[in-house]
Amino acid sequence: ASTPDAGATAAAAAAAAALSWPGASAPSNLMELSSETAAQPCLLATLTTFTGEVLLFDTLRLRTVHKFIAHKSALDCLAFSGDGRKLCTASVTGTVIRVFSVPEGGLQAQLRRGLQPATIFALSFSPTGNFLSCASSSGTIHIFDLTVQVSKDEMHRAAVQVHPLVPSGVRTLCRITSEEEAEDHGGAKLTLRVVSYAGVFFEYEVERRRDGSWTSRQTSENSFADEDEEGEATTTTDGTLEAALAAGVEEISLGQS
């Protein structure tokens, strides 16, 4: 019999190690990958068999980096900041969002979305990580200013609410696609894109002023649909929704409503 190639043996060992990572037995397929930087490898955030626990897994060295309890209830949504240094989480209750440092798992902020339970559809950091957007089954989009200094044990309420014309319960995705300094008041100017499974794309301009006030205005609203084999209009697929958030109105086929 021939001797196995050393490289193939190492690859097989790595694959076996990957299959035996602690999150493999978690009761949910909830996963999120961070970006890879010079200071930190690409990390996988997922669940463990313990309710509300987050597992951070090094995808390069195939080892567990850290585990910590994020919520008392089961987790339902995860999102990394662009630099991979923050992780936000929400549970199935959907009333509180928490922000943790990565990889330490230290609590940085607690954000009050609302008092009534809701399903969190999407969490997304702004490009700098200073703001966080949240879409839920309530039909409201929340934006939180993470630069506001509050105790980590205090509930963070510095948020603006945006109300796109989407029925409650319809899945909605949101993303802050740009962030810049506002020349007239020195605060921040954000571009918020919202896509709903009802087939509607919204864009908003949101400003956070230095005095703590918020302003928001809708800058566009478009509907989009594909045609099925019989020529009937149908709502677009998940991939198109994600592309709409990333590319914007100009780069996808949208019909003006």
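**A tour of a four-stranded sheet**

Begin by selecting strand 9 (120-125) and strand 10 (residues 131-136) in this predicted model: strand 9 and strand 10 pair in the antiparallel sense, over five bridges. Within this pair, select I120, which stands opposite S136 in strand 10. Next, follow the chain through the hairpin that links strand 9 and strand 10, where five residues lie between the strands. In this hairpin, G129 takes a positive phi near 85°.

Now keep strand 10 alone on the screen. Are its residues buried or exposed? Strand 10 is mostly covered, with six of its six residues buried. In a regular strand, side chains alternate between the two faces of the sheet. Colour F131, S133 and A135, which point one way from strand 10, and then L132, C134 and S136, which point the other way; all are buried.

Add strand 11 (residues 141-145). Strand 10 and strand 11 pair in the antiparallel sense over five bridges, and S133 stands opposite I143 in strand 11. The two strands form a hairpin with four residues between them, and G139 in the turn has a positive phi of about 90°.

Continue to strand 13 (159-162), which pairs with strand 11 in the antiparallel sense over four bridges. Here F144 stands opposite A159 in strand 13.

Finally, display the four strands together. They make an open sheet in the order 9-10-11-13, with antiparallel pairing. Strand 9 and strand 13 stand at the edges and have a single partner strand each, so one side of each is left without a neighbour in the sheet. From one strand to the next, the twist averages 20°.

Definitions and conventions:
Residues numbered from 1 in each chain as written. Predicted model: local features only at pLDDT ≥ 70, side-chain atom pairs only at ≥ 80, totals over all residues. Heavy atoms only, no water. Pairing = 2+ DSSP bridges. Axes fitted to C-alpha atoms, helices over the stretch in contact; angles between N-to-C directions. Buried < 20%, exposed > 50% of the residue type's maximum accessible area, 1.4 Å probe, protein only.
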